[in-house]
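Colleague: I should like to request a close look at a single part of this model, followed by its setting in the rest of the assembly. Please take the structure below as the starting point.

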There are 4 protein chains.
Amino acid sequence: MTVIEQSLIIFFMRVKDENKKEAIFEAIIELLNEVGFANLSMSQIAKRAGVSSSTIYVYFENKEDMLKTVYMDVKKKFVGSLLQGVEQSIPVRQAMEKLIQNLLEFALTQTAYFFFMEQCSNAPMKAQPSNVDAIDMMKPVFKIFEKGQQKGILKPGDSVILLSFCYHGVTQIAKDKLKRDQCFSDSEVKELIQMCWDAIRK
Amino acid sequence: MTVIEQSLIIFFMRVKDENKKEAIFEAIIELLNEVGFANLSMSQIAKRAGVSSSTIYVYFENKEDMLKTVYMDVKKKFVGSLLQGVEQSIPVRQAMEKLIQNLLEFALTQTAYFFFMEQCSNAPMKAQPSNVDAIDMMKPVFKIFEKGQQKGILKPGDSVILLSFCYHGVTQIAKDKLKRDQCFSDSEVKELIQMCWDAIRK
Amino acid sequence: MTVIEQSLIIFFMRVKDENKKEAIFEAIIELLNEVGFANLSMSQIAKRAGVSSSTIYVYFENKEDMLKTVYMDVKKKFVGSLLQGVEQSIPVRQAMEKLIQNLLEFALTQTAYFFFMEQCSNAPMKAQPSNVDAIDMMKPVFKIFEKGQQKGILKPGDSVILLSFCYHGVTQIAKDKLKRDQCFSDSEVKELIQMCWDAIRK
Amino acid sequence: MTVIEQSLIIFFMRVKDENKKEAIFEAIIELLNEVGFANLSMSQIAKRAGVSSSTIYVYFENKEDMLKTVYMDVKKKFVGSLLQGVEQSIPVRQAMEKLIQNLLEFALTQTAYFFFMEQCSNAPMKAQPSNVDAIDMMKPVFKIFEKGQQKGILKPGDSVILLSFCYHGVTQIAKDKLKRDQCFSDSEVKELIQMCWDAIRK
DNA sequence: AATGAATGAGAATTCATTCAT
DNA sequence: GATGAATGAATTCTCATTCAT
């Protein structure tokens, strides 16, 4: 594409207002956490986002598509945070530690996103925005755990179960804490890590 | 209207009574699992239960009351199942084993109830039928675990966290399995119990 | 069904208010004639009929079903009027005369119904309430015309074409007249009948 | 922006010009035949025409104006076709023959236009794009028929009625045929002409 | 001239609930 | 107790149209 053609496109096109899309995103996440799926309406979302409800349909095909898109976006962010600093090369024990720290970090700093995701992943298939869950998106780290199993450090069996057990245990405890507006002390974090480790190690 | 006709009416009504309530109950649980909170409507419930939607209002004050009642009822059944055979006197290790077996048993045999509960407990405070969750209802067993801590068998700290970690870890794994229409082998059950035990024991 | 059972049904059931249904019917016909398909809305119909728009959905499944039902009902009335006094036994010439008189009578006295039908039958397949048109419903009279053909009184060929030609010629002329708020003189009626007769006779 | 870029823009725009208007035209006619007035939307038209819906407003003031313009244009084309070869000087019988042949020719070759017109002319006054109908536009030929009446060849009375009767009879039969995806044989055309002639001649 | 974004108004339809029987 | 009818309020979504570019 030549520079002239590019200018032409820019001249004719009007770029979607990213602020609006962002506002809609945030409104959805906020509201779902406040009112739940049963009471989440397009008009409420629009009002909260400060746009007309028809504007939502500029960005999404319909309610289902909207929720799916937001859910996938949030999950992508979440998995990104989760895997930060967890390279293939690090030892299992350290990987586990980092994962849990990242998980708690995300839960504490991005609480709205965290609760939003949890609600979505517990909705039934048909209502659920997308049925690929967070565990599936963590496939990159499975290799670390499988190596741990091969080395005889971790319990044998399905590595998904090992990881899933820890992940959900920690997740639910974090949810309970946050629902009561509480925080984790360093020693509590250590305890959680220890529980996870004991659960999966041989 | 003759006396005979009146009696007939009364006869007809009373007979159906409990069946109707039961049918409504089952319809709610089935439907919530199929369509989720976002799409659960009174008319659908009525249709599924084979009654008029106004009939629902004979048994419940309104939608909120209806969901709360059903949720509490299901939870009561669940906790009943969970605690079966878990007396104060038995050793911690055995208590843990029994709890997990009961939990998996319930999940497998009363799957609809199990999923129903999970959805309810993940709804946000405001939307949630009732915010007392299953963990709270298990208070009777805490003493067993506290005794275990006092004896130095279990890790110290909040006994709720110990139990909650295991409970949710197992619950989520059961959910994943059931969503894929799979079952647990005996050895898998053993593995889960072992993971739980390792997680909480000193 | 015994008398007692019947009483029971009457006791429990509440009969649909036929006035309401009738009011909705009339509102649809009136409005379609006033505003056309492009501007016919459920809320307008409801307002005109003096009911809530949700009430319409008690009687009809949706807009399409509603229009189809009304169209079929009007057509039935129309064909009834059209065939009045046209028995199999009467001579063709007289049958033709009676049909045209009936048609004009209907157009003049039930003008709203008449225009309503015409609009429906000109809508395209997908939008059209039902694609069986008035001609199809007149099959009973075809035999009279076929007899006329066999006797050598009428032109040979497809009897549907003979009848259809006359029917639509007269219909459109009636429409034009009525649109200009005019009436037919007796001599004009005679002329029309003569034109029809000349068109189809040998 | 440089002068070159500006020229480019002007060049690009002008080139598309007539194509776009034509595309919009065709889209309207196609769509009206497919979905009817009740479901004809600007956005659909735009999509079908391959333009942005705001582009329609470059060519037309609004929806009403758009439909009126297209209708008038189509009618002009139609009347042009209809009158081809029908000069004032030719005998009535021949004029009638030519008119019917032209009408059928148009119906067969420009079917979409034909149906489009029919739908428009059956819409109620208020909704109708323009209430001057095809008959009005044929005024030039009336003189031929009036001469026929003066010579005693045709029936006396309103010449509009004579012509209208034939025109609509043929039109509707053509519509029925085309809706069933059928064609006219030469003998059928002859029969139609004969019916028309018999209907109006003395 | 052309268009993507944006929107208020309004579309069809559903909802939870009430009511007379 | 049970229900069909009825409905106001709310739902999701579409519409015709405008506007900045």
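Which residue takes a positive phi just after α4(B)? Please begin there and then proceed to the rest of the structure.

Modeller: The model is a predicted one. The residue in question is G85(B), whose phi is about 80° just after α4(B).

The helix that precedes G85(B) may be taken next. Helix α4 of chain B covers residues 63-83, and at 1.5 Å a residue its 21 residues should span 30 Å; the end C-alpha atoms are 30 Å apart, so expectation and model agree. At the start of α4(B), a side-chain oxygen of N62(B) comes to within 3.3 Å of the backbone nitrogen of E64(B). The buried residues of this helix are M66(B), L67(B), V70(B), Y71(B), V74(B), K75(B), F78(B), V79(B) and L82(B). A general point helps in reading that list: an α-helix has 3.6 residues a turn, so residues three or four places apart point the same way.

Chain A shows the overall fold. Chain A contains 11 helices and 0 strands. Of its 202 residues, 50% are buried. Among the contacts in chain A with a separation of 6 or more, 67% are between residues 24 or more positions apart.

Chain A is divided into domain 1, residues 1-59, and domain 2, residues 64-200. Each of these domains gives 12 residues to the contact between them. Together they bury about 1,200 Å², with 76% of that area on carbon and sulfur atoms. F25(A), I29(A) and F37(A) supply 46% of the area that domain 1 of chain A buries against domain 2 of chain A, more than any other three residues. On the side of domain 1 that touches domain 2, the elements giving two or more residues are α2 (18-35) and α3 (42-49) of chain A. Of these, α2(A) gives the most, with 6 residues. Across this interface of chain A the rule finds 0 salt bridges, while 4 residue pairs are in polar contact.

Salt bridges are found elsewhere: a search of the whole structure gives 32 over all chains. Side chains of opposite charge can pair when their charged atoms come close. One case is E97(A) with R93(A), where the closest N and O atoms are 3.4 Å apart. Because E97(A) and R93(A) are 4 residues apart in helix α6 (residues 92-109) of chain A, about one helical turn separates them. E97(A) counts as partly exposed because its relative accessibility is 27%, and R93(A) likewise counts as partly exposed, at 30%.

Another case is the salt bridge between the side chains of E118(A) and K175(A), at 3.2 Å from N to O. This pair links distant parts of the chain, with E118(A) in helix α7 and K175(A) in helix α10 of chain A, 57 residues apart. Both E118(A) and K175(A) are buried. In addition, E30(A), E34(A) and R48(A) are linked in a network of salt bridges.

A further salt bridge is formed by the side chains of K155(B) and D198(A), at 2.7 Å from N to O. K155(B) lies in the loop between α8 (139-150) and α9 (159-179) of chain B, whereas D198(A) lies in helix α11 (residues 186-200) of chain A, so the pair joins two chains. K155(B) and D198(A) are both buried.

Chains C and D also meet through a salt bridge: K155(C) pairs with D198(D), the closest N and O atoms being 2.6 Å apart. Between chain C and chain D the count is 2 salt bridges, and 5 residue pairs are in polar contact. On the side of chain C that touches chain D, the largest share, 13 residues, comes from α10(C). The contact as a whole takes 44 residues from chain C and 43 residues from chain D. About 3,300 Å² is buried between the two chains, 64% of it on carbon and sulfur atoms. N122(C), F165(C) and M195(C) lose the most area in chain C to chain D, together 21% of what that side buries.

Finally, M195(C) is one of the buried residues of α11(C), which also include V189(C), L192(C) and W197(C). The buried residues of α11(C) pack against α6, α9 and α10 of chain C, together with α9 and α10 of chain D.

Note on methods:
Residues are numbered from 1 along each chain as its sequence is written. Chains are lettered from A and ligands numbered from 1 in the order in which they are written. This is a predicted model: local features need pLDDT of at least 70, side-chain atom pairs count only at pLDDT 80 or more; totals for chains, interfaces and linings use all residues. Side-chain values use heavy atoms; hydrogens and water are left out. Buried means under 20% relative accessible area, exposed over 50%, partly exposed in between (1.4 Å probe, protein chains only). Contact means heavy atoms within 4.5 Å. Domain bounds come from an automatic or database domain assignment. Buried area is the accessible area (1.4 Å probe) that two parts lose on being put together, summed over both. A salt bridge is a side-chain nitrogen of Lys or Arg within 4 Å of a carboxyl oxygen of Asp or Glu. A polar contact is a pair of N or O atoms within 3.5 Å; within protein, one must be able to donate a hydrogen and the other to accept it, and residues adjacent in sequence count only if both atoms are side-chain atoms. The expected span of a helix is 1.5 Å times one less than its number of residues.
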